[in-house]
Each structure stands twice: as C-alpha cells, then as structure tokens.
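Please look through the sequence and the model shown here before reading on; the paragraphs that follow move from the backbone to a helix and then to the ligand.

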Amino acid sequence: MARISKENLKDALKVYFIMGSVNCTIHPTEVLRQAIAGGITMFQFREKGKGALIGDEKYKLAKELQWICRDNQIPFLVNDDIELAMALDADGVHIGQEDEPAEYVRKQIGDKILGISVHSYEEATAAIQSGADYFGIGPIFLTETKEDAKPVQGTTVIQEFRANGITMPIVGIGGITPENAAIVISAGADGVSVITAISKAASIPDAVIELKKSVFSVKN
Ligand code: 3NM
C-alpha cells in the first residue's frame, strides 16, 4: 500500500475517535459501533491505564474492533504497540515522544500511517524527518483521561506551527468536546481526536454528530 496522501489523511483525521476498554462504560465493540453510526472518520485502539487488558485479551479486543472498522471502511490505528499493529496488519500506529524512536518505528511499519505526538517546533522538525504522517498536539484543554498529560497548552502550538509554514496534517487532543472543537480547527488543526466526549457520552452517535458539526462549521 502506498503512503496515504496528505489530503486523504486530513479528511480521515476530522473526527478521530480513540479508546480502549478502560474508557468505556458499555462494551467497547458497542461503543465503536455507535461511534461509527454517528460518523467518526478514524479510530485508534489505545489500551492503557489502570485495569487495561494485556496479552491475549488485548489482542482479541483489538481484533474485534479492527473488524468493525474494516466492515465500515474506517482506518484502524494502534497506540504505541508496534508488535500488535504488525500482527493485526493495522492501518497505522500512533506514538509519543517517550515511545520507541520514530525512525525505528517508520522502518518497522513500512507504508502504514505514522502519527506522532509533538509539543514543540524541535519535536515537530524531528518527527517530519522521521517520516511522520500526522501530528497529535495536546493537551489543548483540561483532560482527566491521560494521567501523565503535560500542562494544558491551548491552541498556541498549533497556531505557531501553521504560522511557521508546517503543512503536516494536525489533530488536537485533550478535553475536546462538541462545544470547543471549532476552536481547535480555527487554530489550524485538520481534525480533533477525542476519547471521553464520545466514549462516555449519554448518546454516542449524537456526540459524534455534534462534534462533526463543530469541526465542519470552520472553513480553513
Ligand atoms: N493524549 P480526552 S491528552 C491520549 O496531550 C491523550 O498528548 C494527550 O482524552 C496529549 O478526550 C489525551 O478524554 C487524553 O480528554 C484525551
């Protein structure tokens, strides 16, 4: 498979749902089905935190979620776990600065999508050289989902990157909801990545529909 084009990836990043079993109050497969019914554009399996599944159980859930994505033509990415991504033949991986070096990951995964979390111009430049396909930037707003999240940074970094001519596809992450998603897009992001505002919504499809409206309300 050829590397995904920037334009196609920008579309896929619009409403990027991330979750693992610990983020769900009903079964994750049901959460994902409902999120797809609402119109998510990409999915990342992120099995992390207290009580996260490991080993065979993690693999089995990942496989189930991947099948649901395949049935619905939604790109399926794996957080951090390159071995799992390769075993499943996932569409891509997302890594942070504390994970394996990006050049090494790019070599391992070939043409799969590579997302990298970056927080500064230096990290962004290094990630571009390592073959990143998109950047995750956060936490934009306050989040309780990631225990080791950095201090809230608002949209400043996104704005700075765009002002400095970085054209890389960007998603904002951290505390994003239907109410504040438009701010992230106005700052120059292509999409939003969201855990709780979808996974724990009273109505998951409605939450996705509202997020989408918010994202598409801004014309960049
Ligand atoms: N990464 P929620 S914040 C997974 O800042 C993750 O890099 C972040 O969850 C970062 O949508 C975060 O529930 C958690 O706030 C996002």
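In which loop is proline 139 found? In this predicted model, proline 139 sits in the loop between β6 (134–137) and α7 (156–163), and the peptide bond that leads into it from glycine 138 is cis, with omega near 0°.

Two further backbone features concern positive phi values in residues other than glycine. Glutamine 73, which is not a glycine, has a positive phi of about 55°; its place is in the loop between α3 and β3, and because there are 7 C-beta neighbours inside 10 Å, it counts as exposed. Aspartate 89 likewise has a positive phi, near 55°, and lies in the loop between α4 and β4 (92–95); with 10 C-beta neighbours inside 10 Å, aspartate 89 counts as exposed.

The helix that glutamine 73 follows, α3, comprises the 17 residues 55–71, and because a rise of 1.5 Å a residue predicts a span of 24 Å, the 25 Å between its end C-alpha atoms agrees with expectation. Its buried residues are Ala62, Leu65, Gln66 and Cys69, and, since these fall within an arc of 105° when seen down the axis of α3, they line one face of the helix. The general reason is that an α-helix has 3.6 residues a turn, so residues three or four places apart point the same way. The buried residues of α3 pack against α2 (28–38), β2, β3 (76–79) and α4 (82–88), whereas the face turned away from the buried side carries the exposed residues Asp56, Glu57, Lys60 and Asp71.

From β2 one can approach this packing through phenylalanine 45, which lies in that strand (residues 42–45). Phenylalanine 45 counts as buried because 29 C-beta neighbours lie inside 10 Å, and, leaving aside neighbours within four places in sequence, its contacts are Gly20, Ala62, Leu65, Val78 and Asn79. An unreviewed UniProt entry places the feature "binding site" at several positions, including Phe45, Asn79 and Ser117. Serine 117 lies in strand β5 (residues 113–117) and, with 21 C-beta neighbours inside 10 Å, also counts as buried; beyond four places in sequence, serine 117 touches Gly96, Gln97 and Gly136.

Which residues are closest to the ligand? The ligand is surrounded by 17 residues, of which Gly138, Thr143, Thr145, Ile195 and Thr196 are the closest, and the shell as a whole divides into seven nonpolar, eight polar and two charged residues. Gly138 is also the residue from which the cis peptide bond runs to proline 139.

Technical notes
Residues are numbered from 1 along each chain as its sequence is written. This is a predicted model: local features need pLDDT of at least 70, side-chain atom pairs count only at pLDDT 80 or more; totals for chains, interfaces and linings use all residues. A residue is near a molecule or strand if its C-beta atom, placed from the backbone, lies within 6 Å of it. Ala, Val, Leu, Ile, Met, Phe, Trp, Tyr, Cys and Pro count as nonpolar, Asp, Glu, Lys and Arg as charged, and the others, Gly among them, as polar. UniProt positions are given in the numbering used here, feature names are shortened, and annotations may be inferred rather than shown by experiment. Helices (H or I, at least four residues) and strands (E, at least two) are DSSP runs, numbered from the N terminus. A residue is buried if 20 or more other C-beta atoms lie within 10 Å of its own, exposed if 12 or fewer, and partly exposed in between; C-beta atoms are placed from the backbone. Two residues are in contact if their C-beta atoms, placed from the backbone, lie within 7 Å. The expected span of a helix is 1.5 Å times one less than its number of residues. The arc is that of the directions from the helix axis to the C-beta atoms.
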